[in-house]
Amino acid sequence: MSSHPLPSSSPGASSRIAASASHGIVRPPPVIEPARSTRELSTISAAPAAPVPVAVSRWTKGRLAIVAGVVLYLVVVLVLPLIALVVETVRAGFPAVGRALSAPDARFAMQQTLWLTLIAVVVNTVLGVAIALVLVRHRFPGRRLLDAVIDLSLAVSPVMIGLAFLLVLGREGWFGPALEALGGRVAFAFPGLVIATLFVTLPYTVREVANVLAEVGEEEEQVASTLGASAWRTFWKVTLPNIRRGVLLGITLTAARALGEFGAVLVLGGAINRKTETATTYIYGAIEERQVAGAYGMALLLGVVSMLLLLAIERFKDRSPDA
C-alpha cells in the first residue's frame with residue numbers, strides 16, 4: 001500500500017503540532033471560508049426575510065364569556081336607561097312634552113343652567129390653564145399638596161360640597177352675617193349656584209392641560225425666550241398652540257359636568273322656583289309633582305346635549321396635536 005506524502009508545513013507549525021501531540025491533543029487546522037463575490041453578497045442581502053408567523057386569535061369559551069359579560073354590563077348600565085327614557089318620552093307624547101318645556105318654569109331652569117355652564121367654562125378655562133402652568137412649570141413648597149387638592153371635588157360627594165359651602169356661606173354660617181351686612185347673599189341665590197358649579201368642574205381643564213404640558217415639554221418655550229420673546233408673547237405664540245387640544249377637551253368636559261350637576265346646586269341653592277332652579281333640579285321637582293312630560297322632556301334634552309358633547313370629546317381625542 002503506497003503512502004502519500006504529507007503536505008509541507010512551516011517549522012513553527014510543525015513544532016506546534018508536535019507540542020500538541022506530546023500532550024495527547026491534536027487540534028485541526030483552522031478552516032478558512034473562501035471569499036464571496038460581490039454578486040453573492042448582494043443576492044444574500046436582497047433575499048426576502050422569512051415571514052413572521054402571526055398568532056391567530058381564537059375565541060375560546062372563557063374569552064366569549066368575558067366579552068359577553070362586558071357587553072351585558074354596558075347595555076344594562078348605559079343603553080337600557082337611555083332607551084327607556086326615549087320610550088317614555090314618546091309615550092308621554094311630544095305635544096305634552098313641548099308644552100311642558102315651553103312653560104316659564106322649564107325655560108327659566110334651562111336658561112339658568114346655560115348661564116352656569118357658560119360661567120364655569122370661561123372661569124375654569126382661564127384659571128385652569130393658569131393652575132396647570134403653575135403645577136407643571138414651577139417647583140415650590142406645597143406643590144404636591146396643591147396638586148392633590150385639585151382633585152378634591154372628584155373624591156367628595158357633591159351633596160357634601162353643597163353642605164360645606166352652606167356651613168361657611170349660609171345665613172348662619174361663618175361668613176353669612178358679614179355678607180348680608182354688606183348687602184350680598186350667596187346661599188339660596190345665584191352666586192351660590194355659581195360657586196357650587198365652579199367647584200365641581202374645577203379639575204377637568206387643569207388635568208387635561210397639565211397632561212399636555214408635561215407631554216410637549218418646555219424646549220420650545222426656552223428657545224422662544226432665548227430669541228428674546230417676552231413671557232406673554234411666548235405663551236400666545238408657543239404655549240397656547242401646543243395646549244390647544246387639551247384646552248378644548250377640558251372645555252368640553254367642563255360643560256358636560258356643569259350641565260349635569262345636581263347635588264351641590266340643590267343643597268346650596270335650594271331649588272327655589274324661578275330663582276335658584278336649574279335643569280336638573282327641575283327634573284327632580286317635576287318627578288315629585290308627577291309632571292312626567294316635563295321631567296322626561298328635560299332629561300331627554302340634557303341627554304341629547306351630553307351626547308353631542310361626548311362626540312366632541314371623542315373628536316378631540318382622535319385629533320393629533322398638530323391638527
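**A tour of rings, helices and loops**

Visitor: Is Trp232 buried or exposed?

Guide: The relative accessible area of Trp232 is 60%. A residue counts as exposed when that value is over 50%. This is a predicted model, and in it Trp232 is therefore exposed.

Visitor: And which class does Trp236 fall into?

Guide: Happy to look at that one too! Buried means under 20% and exposed means over 50%. The relative accessibility of Trp236 is 45%, so Trp236 counts as partly exposed.

Visitor: Where do Trp232 and Trp236 lie?

Guide: They are four residues apart in sequence, about one turn of the helix. That helix holds both of them and covers residues 231-242. Its name is H12.

Visitor: How many aromatic pairs does the structure hold, and what kind is the one between Trp232 and Trp236?

Guide: The structure holds five aromatic pairs. For Trp232 and Trp236, the ring centres are 5.7 Å apart and the planes meet at 75°. Planes over 60 degrees apart count as edge-to-face. The pair at 75° is therefore edge-to-face.

Visitor: Which residue joins Trp232 and Trp236 in a cluster of rings?

Guide: Ring pairs link these two tryptophans with another aromatic residue. The cluster consists of Trp232, Trp236 and Phe235.

Visitor: Phe262 and Tyr284 also pair, I see; how far apart are they along the chain?

Guide: Yes, and their pair is tilted, at 5.6 Å centre to centre with 55° between the planes. Phe262 sits in the loop between H13 and H14, while Tyr284 belongs to helix H15. The pair thus links distant parts of the chain, with a separation of 22 residues.

Visitor: Which class of exposure do Phe262 and Tyr284 belong to?

Guide: Phe262 has a relative accessibility of 29%, so Phe262 is partly exposed. Tyr284 has 42%, and therefore also counts as partly exposed.

Visitor: At what angle do H5 and H13 pack?

Guide: Two packed helices are described by the angle between their axes and the distance between the axes. Here H5 covers residues 104-137 and H13 residues 244-259, with the axes 9 Å apart. Their crossing is right-handed. The angle is about 145°.

Visitor: How many charged residues take part in the contact of H5 with H13?

Guide: From H5 come residues including Thr113, Ala120 and Asn124, and from H13 residues including Val247, Ile251 and Thr254. Asp, Glu, Lys and Arg count as charged. The contact residues divide into eight nonpolar and five polar, and the number of charged ones is zero.

Visitor: What is the C-alpha separation of Glu208 and Leu253?

Guide: Glu208 lies in helix H10, residues 190-216. Leaving aside its neighbours within four places in sequence, Glu208 touches Gly246, Leu249, Gly250 and Leu253. Leu253 is 45 residues away along the chain, yet the C-alpha atoms are separated by 9.5 Å.

Visitor: What is the phi of Ala271, and what is that of Arg274?

Guide: Ala271 lies in the loop between H14 and H15, and so does Arg274. Ala271 is partly exposed, with a relative accessible area of 24%, and Arg274 is partly exposed at 49%. Each has a positive phi although neither is glycine. For Ala271 the value is near 50°, and for Arg274 near 60°.

Visitor: To finish, how much of the chain counts as buried?

Guide: The chain has 16 helices and zero strands. Its accessible surface comes to about 21,500 Å², of which 68% belongs to carbon and sulfur atoms. Of its 323 residues, the part that counts as buried is 29%.

How values were computed. Residues numbered from 1 in each chain as written. Predicted model: local features only at pLDDT ≥ 70, side-chain atom pairs only at ≥ 80, totals over all residues. Heavy atoms only, no water. Axes fitted to C-alpha atoms, helices over the stretch in contact; angles between N-to-C directions. Helix = DSSP H or I, 4+ residues; strand = E, 2+ residues; numbered from the N terminus. Left-handed = near helix turned anticlockwise from the far one by under 90°. Contact = heavy atoms within 4.5 Å. Buried < 20%, exposed > 50% of the residue type's maximum accessible area, 1.4 Å probe, protein only. Areas by Shrake-Rupley, 256 points an atom, 1.4 Å probe, with all protein chains shown as cover. Phe/Tyr/Trp six-rings, centres within 6.5 Å; stacked < 30°, edge-to-face > 60°.
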